[in-house]
Amino acid sequence: IRLPQSSLPARVSLPQSSQQWKLSFNFPSQTSSAVLRRAFPQIPLQQPLRHHHPPPEILAQDSNFTKIQAAISRTKKEETVEKVKQELEGCYLIAGIGYKGLTVQQFQELRTQLPETSKLLVAKNTLVLKAIEGTKWEALKPCMKGMNAWLFVHSEEIPAALKPYRTFQKEKKLEDNDFTGAVFEGKFYGPEEFKALENLPTRAEVYAQFLGALKGPASAVVGTIQAPARDLIMVLQAYCKKLEEEGAGQ
């Protein structure tokens with residue numbers, strides 16, 4: 001298409017010696033010469049419109065670019081799976097949080113409120129599922145729906161790890177962004193069962209309970225021993241530590 005200088009907008013200036021200005025346009029393949037003449041009656045067409053197909057070298061470049069993009073995407077997915085596997089080490093609980101609608105700023109604020117032993121990670125369900133495949137965390141499958149952020153707790157103090165999000169949820173009025181599920185000691189807990197996790201006794205409470213039972217009747221000791229395995233282990237560890245401290249002080 002050749003555009004006469006006289007038909008250019010006033011704001012476009014050309015050298016005095018120029019009589020014509022050559023412009024190139026890319027139009028959809030279905031655009032015909034007749035359509036262009038109706039749209040631009042003042043612009044004469046130098047020759048009938050012929051559809052242009054990219055040369056082979058351009059097509060090859062596009063193909064290579066697509067392959068590079070696919071490789072980058074695959075690498076990122078593998079890195080995410082590896083990151084999840086690293087978080088599984090020394091993990092006591094994994095909980096899913098529905099994060100649809102949460103902003104980046106809210107995520108950053110939430111992360112600052114979590115204890116150091118907790119890690120919040122955003123990852124696709126399929127990648128998390130791949131990372132936990134063949135492990136005790138496979139019980140997490142029921143909450144692999146929707147958009148989840150994943151809370152990895154590397155501490156036995158489960159209530160202390162869950163409380164920051166509950167507080168954040170209430171402050172920000174995020175009723176729709178609830179826990180979608182969790183796995184603790186190989187068992188899956190649905191959203192309606194989180195009260196049981198949030199009300200687990202702390203280490204100090206279990207310690208006090210066991211010491212009280214030792215000073216009481218034998219039946220109280222039996223009741224403590226019949227408590228869940230986690231509580232009993234915590235109690236024994238705490239009691240051994242107390243004995244070591246007393247022995248060191250003598």
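**Entry 1: two helices**

I started with a rule for describing angles between helices: under 35 degrees counts as roughly parallel, over 145 as roughly antiparallel, 65 to 115 as roughly perpendicular, and the rest as oblique. I also noted for myself that this is a predicted model.

With that rule in hand, I looked up helix α3 (residues 104–113) and α5, which pack at an angle of about 140°. That value is in none of the named ranges, so α3 and α5 are oblique to each other. Their axes lie 9 Å apart. I wrote down both values because two packed helices are described by the angle between their axes and the distance between the axes. The crossing of α3 and α5 is right-handed.

Which residues meet here? From α3 I found Gln106, Glu109, Leu110 and Gln113, and from α5 Pro164, Tyr165 and Phe168. I sorted the residues of this contact into 4 nonpolar, 2 polar and 1 charged.

**Entry 2: the sheet**

Next I turned to the strands. I found 5 of them in an open sheet, in the order β4-β5-β3-β6-β7, with antiparallel pairing. The edge strands are β4 (118–122) and β7 (187–189), as each pairs on one side only. From one strand to the next, the twist averages 20°.

**Entry 3: a closer look at β5**

I then followed β5 (residues 148–153) and its partners. The antiparallel pair of β4 and β5 is joined by 5 bridges. On the other pairing I looked up, strand β3 (residues 93–98) meets β5 over 6 bridges, also in the antiparallel sense.

Leu151 in β5 was a nice residue to stop at. Leucine 120 stands opposite leucine 151, and so does alanine 95.

In a regular strand the side chains alternate between the two faces of the sheet. I checked this pattern in β5: Asn148, Trp150 and Phe152 point one way, while Ala149, Leu151 and Val153 point the other way.

Is β5 enclosed or open? I found 6 of its 6 residues buried, so β5 is largely enclosed by the rest of the structure.

**Entry 4: one loop residue**

Last, I picked asparagine 177, in the loop between α5 (158–171) and β6 (179–184). Is asparagine 177 buried or exposed? Its relative accessible area is 8%, and buried means under 20%, so asparagine 177 is buried.

What does asparagine 177 touch? Leaving out residues up to four places away in sequence, I listed Ile97, Gly98, Tyr99, Lys100, Leu102, Tyr165 and Gln169. Tyr165 was already in my notes, as one of the α5 residues that meet α3.

Technical notes: Residues numbered from 1 in each chain as written. Predicted model: local features only at pLDDT ≥ 70, side-chain atom pairs only at ≥ 80, totals over all residues. Heavy atoms only, no water. Pairing = 2+ DSSP bridges. Helix = DSSP H or I, 4+ residues; strand = E, 2+ residues; numbered from the N terminus. Axes fitted to C-alpha atoms, helices over the stretch in contact; angles between N-to-C directions. Buried < 20%, exposed > 50% of the residue type's maximum accessible area, 1.4 Å probe, protein only. Contact = heavy atoms within 4.5 Å. Left-handed = near helix turned anticlockwise from the far one by under 90°. Nonpolar A, V, L, I, M, F, W, Y, C, P; charged D, E, K, R; others polar.
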